Amino acid sequence: MSETLPLRVLVIDDERNIRQTLGICLEGFGCKVEQAATGAAALDALRREPFDLAFCDLKLGGESGLDLLPQLLGERPGLDVVIITAYATVDTAVEAMRRGAKDYLPKPFTPPQIRHLVDRARDRRTLSRRLGELEARLEEAAPEARLETASPKMQAVLDVVARAASHDVAVLLRGENGTGKGVLARALHAQSRRRDRPFVVVNCPTLSEELLASELFGHARGAFTGAVRDQEGRMEAAEGGTVFLDEIGEISPGVQAKLLRFLQEKRFERVGEPRTRTADVRIVAATNRELDAEVKAGRFREDLLYRLNVMEIVVPPLRERTEDILPLARAFVEFFARQAGRPPPDLSAATEKLLVGHAWPGNVRELRNAIERALILARGQVLEPESFPERIAASASEAPVLGGNFTADEIEREHALRVMAHTATMEEAARILGIDASTLWRKRKKWGR
Ligand SMILES: Nc1ncnc2c1ncn2[C@@H]1O[C@H](COP(=O)(O)OP(=O)(O)OP(=O)(O)O)[C@@H](O)[C@H]1O
């Protein structure tokens with residue numbers, strides 16, 4: 001597995017000697033170090049680069065490190081600040097902590113003391129990341145992702161994900177709803193050198209244009225109604241990590257332009273603020289649409305598509321990796337049984353046949369929901385087909401298959417329904433089917449859908 005990103009440390013001291021000694025020592029512990037001799041230089045450096053840790057002298061020539069402290073934190077709220085001083089007294093230590101310092105280092109200091117402070121800063125960073133992950137998992141009550149697969153198609157996808165992880169390029173995941181694009185984006189992050197930094201999800205279509213721009217890039221107080229204070233965006237919050245943009249095909253032209261600039265230059269402005277900021281994040285985007293078609297239709301910028309799909313990964317639908325159905329189903333049974341505090345039931349042979357035979361238009365999400373529901377309904381130690389919804393049971397026994405004993409009309413209906421299951425609009429489905437939307441509309445009425 002690749003190295004993680006080094007801790008970025010800013011040393012703020014007016015004495016060149018101290019800056020250099022501390023710098024050499026920190027570099028020896030694997031940190032990336034920059035130096036600043038004045039408060040203004042320190043603030044400038046913080047604006048340019050998101051540091052993790054700062055060592056700040058209590059006396060900076062005529063300036064006071066204690067007064068500088070709130071300004072440093074105002075610039076980077078997540079920064080860990082350690083105050084250094086030759087004038088150690090309990091009072092200044094308490095005051096420094098009160099103003100937001102994380103630690104206190106009396107001069108003269110020794111390398112083991114510095115190492116201890118660096119380790120503490122690393123631990124804090126890891127803890128806050130893990131807390132974020134746990135909160136996200138609690139919110140979704142999601143089972144552990146199962147990344148083993150017996151399907152050659154899915155294995156090929158996982159291989160590309162592993163390769164993409166070690167190259168810091170933008171990745172576009174394409175696939176139907178519920179195929180696990182979010183799960184793969186998370187896996188990619190976890191295998192990359194950014195894994196100790198945040199993984200942040202932005203669900204694009206749930207927000208209006210203005211709110212999405214503000215969600216991504218932040219806003220200044222008063223930028224729009226309801227913007228009561230300055231707010232950082234998800235790009236800043238994810239500094240050093242990965243931002244997962246779900247349903248990227250849905251974003252408006254205005255946000256497309258902002259995102260393109262960000263991908264080109266890593267620069268952006270908060271909504272309503274002239275100042276240009278930078279953020280170092282990897283973008284992973286996902287879509288269930290044919291973005292090439294969206295480009296042709298003039299709804300999606302071609303230059304943005306080429307920035308997003310430096311690597312493109314197509315995630316196969318569950319019906320094209322039937323080998324995965326039962327292992328996933330068993331993993332979900334275990335998870336939901338554990339949640340309910342009961343022993344996991346077995347799948348009967350009839351249930352296994354049913355699950356493997358269903359087309360799963362909603363993919364892994366549909367399978368997960370079906371198992372969750374079945375566990376609520378089934379009391380016994382074996383899950384039988386009766387605990388599954390009618391449409392799943394029916395599709396296993398009756399779904400027409402190519403080359404089977406079915407009329408062309410039945411095959412057409414099945415094909416059209418499956419296409420409609422993974423398209424956002426009737427127009428899109430009609431385009432794929434090669435008919436016009438009004439014809440599809442009439443056919444649907446005839447089929448009772
Ligand atoms: N390999 C896997 N192991 C365990 N759970 C999975 C796996 N793949 C998908 N899931 C589960 O299936 C559901 C859908 O996954 P996910 O949200 O990643 O799909 P998606 O393709 O991003 O869907 P959408 O396009 O609708 O956002 C989630 O509940 C997720 O936990």
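**View 1. The shell of residues around the ligand.** In this predicted model, the ligand is surrounded by 19 residues, of which the closest are Asn177, Gly180, Lys181, Gly182 and Val364. Two elements, α7 (181-191) and α15 (363-377), are the ones that give two or more residues to this shell. Sorted by the character of their side chains, the residues of the shell around the ligand comprise seven nonpolar, seven polar and five charged.

**View 2. The ligand and the two domains beside it.** Residues of the shell around the ligand come both from domain 2 (141-316) and from domain 3 (319-389), and the ligand therefore lies between these two domains.

**View 3. Threonine 89 and its surroundings.** Threonine 89 is found in a loop, with β6 (80-85) on one side of that loop and α4 (90-98) on the other. Because threonine 89 has 10 C-beta neighbours inside 10 Å, and a residue with 12 or fewer is classed as exposed, threonine 89 counts as exposed. Along the chain, threonine 89 and proline 106 are 17 residues apart, while in space their C-alpha atoms are separated by 9.1 Å.

**View 4. The chain as the setting for the close-ups.** The chain, which has 449 residues, contains 19 helices and 16 strands. Buried residues make up 35% of the residues in the chain. When the contacts in the chain with a separation of 6 or more are considered, 70% of them are accounted for by residues that stand 24 or more positions apart.

Notes
Residues are numbered from 1 along each chain as its sequence is written. This is a predicted model: local features need pLDDT of at least 70, side-chain atom pairs count only at pLDDT 80 or more; totals for chains, interfaces and linings use all residues. Helices (H or I, at least four residues) and strands (E, at least two) are DSSP runs, numbered from the N terminus. A residue is buried if 20 or more other C-beta atoms lie within 10 Å of its own, exposed if 12 or fewer, and partly exposed in between; C-beta atoms are placed from the backbone. A residue is near a molecule or strand if its C-beta atom, placed from the backbone, lies within 6 Å of it. Ala, Val, Leu, Ile, Met, Phe, Trp, Tyr, Cys and Pro count as nonpolar, Asp, Glu, Lys and Arg as charged, and the others, Gly among them, as polar. Domain bounds come from an automatic or database domain assignment. Two residues are in contact if their C-beta atoms, placed from the backbone, lie within 7 Å.
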